[in-house]
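User: I would like to go through this structure and hear what stands behind each term. Please give the cut-offs as we go.

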Amino acid sequence: MAEYKVVGKRVPRTDSVPKATGVARFTADISLPRMLYGKILRSPHPHARVLSIDTSRAEKLPGVRAVVTAADTMKRKYGLFANTRDQHFLAVEKVRYVGDEVAAVAAVDEDVAEEALDLIRVEYEVLPAVFDSMEAMGEGAPQLHDHVEHNVGWALELTEGNPEEAFGRCAHVIEDRFFSEKISHVPMEPYGALASFESGKLHIWVPNMAPFTKRKGLSNMLGLPVPMVRLHHVTIGGAFGSRSDTYPMEFSAALLSMKTGRPVRIQCTQEETMFVTRMMHGAIMDVKMGFLEDGTLLAGDIRFILDGGAYLSSGVMATNAGGHHHSATYRMPNFKYEGLRVYTNKTTCNMHRNHPSNLTMALEQIMDRAAEAIGMDPLDIRLKNAIKANETLANESVVSSCGLSECLTGAAQASGWKAKRGKLARGRGIGMGCGVCTSGFPLGMRLGSAAFVKLNEDGSATVTTGAIDNGQGNESMMVQVAAEELGIAMKDIALVNGDTELTPQDPGTYSMTATFVSANAVRLAGADARRQILQIASDRMEVRPEELDITDGRVHVKEKPEMGIPVEDVARLSLLAGTPVMGRGAFMPKPRSPKGWADLARKKPGQQGPTYTFGTSVAEVEVDEETGKVNVLKLTLVDDMGFAINPMAVEGQMEGFAEMLLGQALYEEHHWDTKTGALLTPLFDDYRMPTALDIPTFETHFVETIDPDGPYGGKDVGIGGTGGVIAAIVNAIYDAVGVRVKSLPVSPESLLEAIRKGEGRGA
Amino acid sequence: MKHSIELKVNGEIYEVDVEPRRTLLEVLRENLGLTGTKKGCDDGNCGTCTVLVDGSPMNSCLLLAVEAQGREIETIEGVAKGEELHPVQKAFVEHGAIQCGFCTPGMILSAKALLEREPHPSDDEVKRAIAGNLCRCTGYAKIIEAVRAAAGS
């Protein structure tokens, strides 16, 4: 493996000191002179026609500066793709869930704004609502959107090979139905937006995952030209997928600012954030898989019904990912998939960090059941079918690098699998699960990233990239990569990022592109600046550029390190010559599939993502058979992320994702009052997430496959590989007590009931 | 009606006029501009607004500003001495215990209070001390490691 000076090292993140001292500014920490406070009036009904809105009394309340409704908008619909637009940001004719935006108020303080909301009179015609995806698809069910019959907002059908014929040849066909509840992403920072419309230009501060996509969304919805909308850089308190959409909050803040000529902040409470941003889809999953007697997986058939809530959002991707990711872990030459994304009168669901780990849980349990039926070790059946590098998947995607087999054997070894599987004392168990995810989706012109690196007069550098950091460590990674290329210290590099006016375009953090795409662009910009530095030094020193290197801010002859000049001198020479060092780089992934890129919005097959990441998780659990409580003792996580640019940050991504999955496996679920349509679990007392006391011991390892196109071989981490944690936990529960989990989360009540019903081992 | 109160925050005395219903969190952020203390659930369940009151960690969203009179309040802005980070802050930075950073100020103050009370805590004591501070990014492991490292320094 190549030797590097900065990348591949455990370095403290550049953003950590400002965050440790309280200096880092999140959206709610920014105030502007003459700022007004906005509040949103939300629908109290899960489904209703809006007959009239009277804002006159609210407008007269002292302290109120503006009220906006759909009448103040262009009445355009928002959607991620041109053919999936279904959401008005302020209700035009109907409201479709409890929380749907109806009007917004700006006032001198939050209390006045809140009081004004009570003075807005809305006349509704309440319509029948539907809260269950199966009911929503049935005859006579209330229809949420006029253009969508049976409430199926997006459907994807895939057939590869001949599944029917293949199942006929299988020695073992295993099938079952699984369920999972809706859950929330819950970034710790509540959602909020600050908008300031000045001299025809809209300035926005908002937690986001892709400033350029959000800029376009606002530009479309407000009818402002693209350069008249500026997303500013801001520190972001987590996202996990929940901040990929453009939201009514920034839209309403913008409208109010345009109407008043003053800055407007709309800050959501945590409770509001929970029910008006996004959730992860609940699902009904019918999974059938067929195996030959030797354990070869021959055929798969998945029906994935996603309970999507009121609007489509990135439900398109979630539906697609169910099919494309679950034929990418194990070779599946004959594969049938039907994904149905169903509208219900609940909070909208979108992509969640897990892609989608509920379906992974189902598929990985069937792998275990097949192993049991055949009499194989669950490790061996996975190794037998694991995808390998350069394979073409059933969906025509080509996998450029893959260390899944090494992840499997690595996780088995680190966890003591052979010694423990089936051999632990009653109540103790061990289980495994694998995960997969692409680094990015085919996003057309939005998939590429570009960057600049300029040298300053003192030999320091400034990196400019559109890349955004939701907390993953992307900002620090960009500095680390530039430091590697330039041969100067990370502390001598300033970063400008995530600002649509100052930086080139970037895809954002949709499904892991920061390393593979954005850091690649920074690497190339750094390499370009390096080439310019070496040329100037070469002219000065009369040594060929190939014979030079840069170390610790000094250009020197490789073979004679004492012979050299400081980068600072090069910077001055370049300025004097009128040729300042300004490196530029751009990276656009290329599809490896001969069919080119898949087209998600038009369901055209092809390459589903630039590259793939993999991983294996092993869980060791203890089940209290008196109470049904599951205690996860240890999680062994082994991921293939290509190359770990900052191993400490990579471990943090894997462990943090594992924590989230542990919550999804054992604690987290949403409930609705089906009479009123209200979310019953918007507060942290009811929506229970893992605390420090719930955390097992982690053993975290990497498999570095050095992807041919990734920066230094890096792919990405934080979604895919660790996605098998839920599967590992439920398979470990089976090993412990002999109960097969069909539904998430595994509450003590449900597990106890299953054990008592005699489903448990030896019961 | 507003009350004129004196708050002692990070060793400095502030005179502020506040309505009695205002929480310490609101007054710190809005009146004093100390935005390092974060507003999360505003309900006492997430710990992002943790400050030290007479050395004990408290959710500042649950304490009225008028109740904080005459007590020593420490926020994240008062933890470092100038450019020099407190050992807990240093350990958080060096051990990768910070990701998005929204829970970090509260987490650091809970950890600091623990180490002042118990200089050599066990893993279990560390977990209990930060159990009221939710973190969604890190999986807590590196935070626990950082607190242990700070204890050893």
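User: Among contacts in chain A between residues at least 6 apart in sequence, what percentage join residues at least 24 apart?

Analyst: The share is 79%. Two residues are in contact if their C-beta atoms, placed from the backbone, lie within 7 Å. The model is predicted: local features need pLDDT of at least 70 and side-chain atom pairs count only at pLDDT 80 or more, while totals for chains, interfaces and linings use all residues. Residues are numbered from 1 along each chain as its sequence is written, and chains are lettered from A and ligands numbered from 1 in the order in which they are written.

User: Why is chain A called as compact as a globular protein of its length?

Analyst: Its radius of gyration, taken over C-alpha atoms, is 27 Å, and the globule rule (2.2 Å times the number of residues to the power 0.38) gives 27 Å for 763 residues, so the description holds.

User: What makes β4 and β6 of chain A edge strands?

Analyst: The open sheet has the order β4-β2-β6 (chain A), with antiparallel pairing. Strands are DSSP runs of E, at least two residues long, numbered from the N terminus, and two of them pair if DSSP finds at least two bridges between them. β4 (94–95) and β6 (121–126) of chain A each have a single partner strand, so one side of each lacks a neighbour in the sheet.

User: How do you know that β2(A) pairs with β6(A)?

Analyst: 6 bridges join β2 (residues 48–54) to β6 in chain A, which satisfies the requirement of at least two. In one of them, Ile53(A) is partnered with Val122(A).

Conventions. Helices (H or I, at least four residues) and strands (E, at least two) are DSSP runs, numbered from the N terminus.
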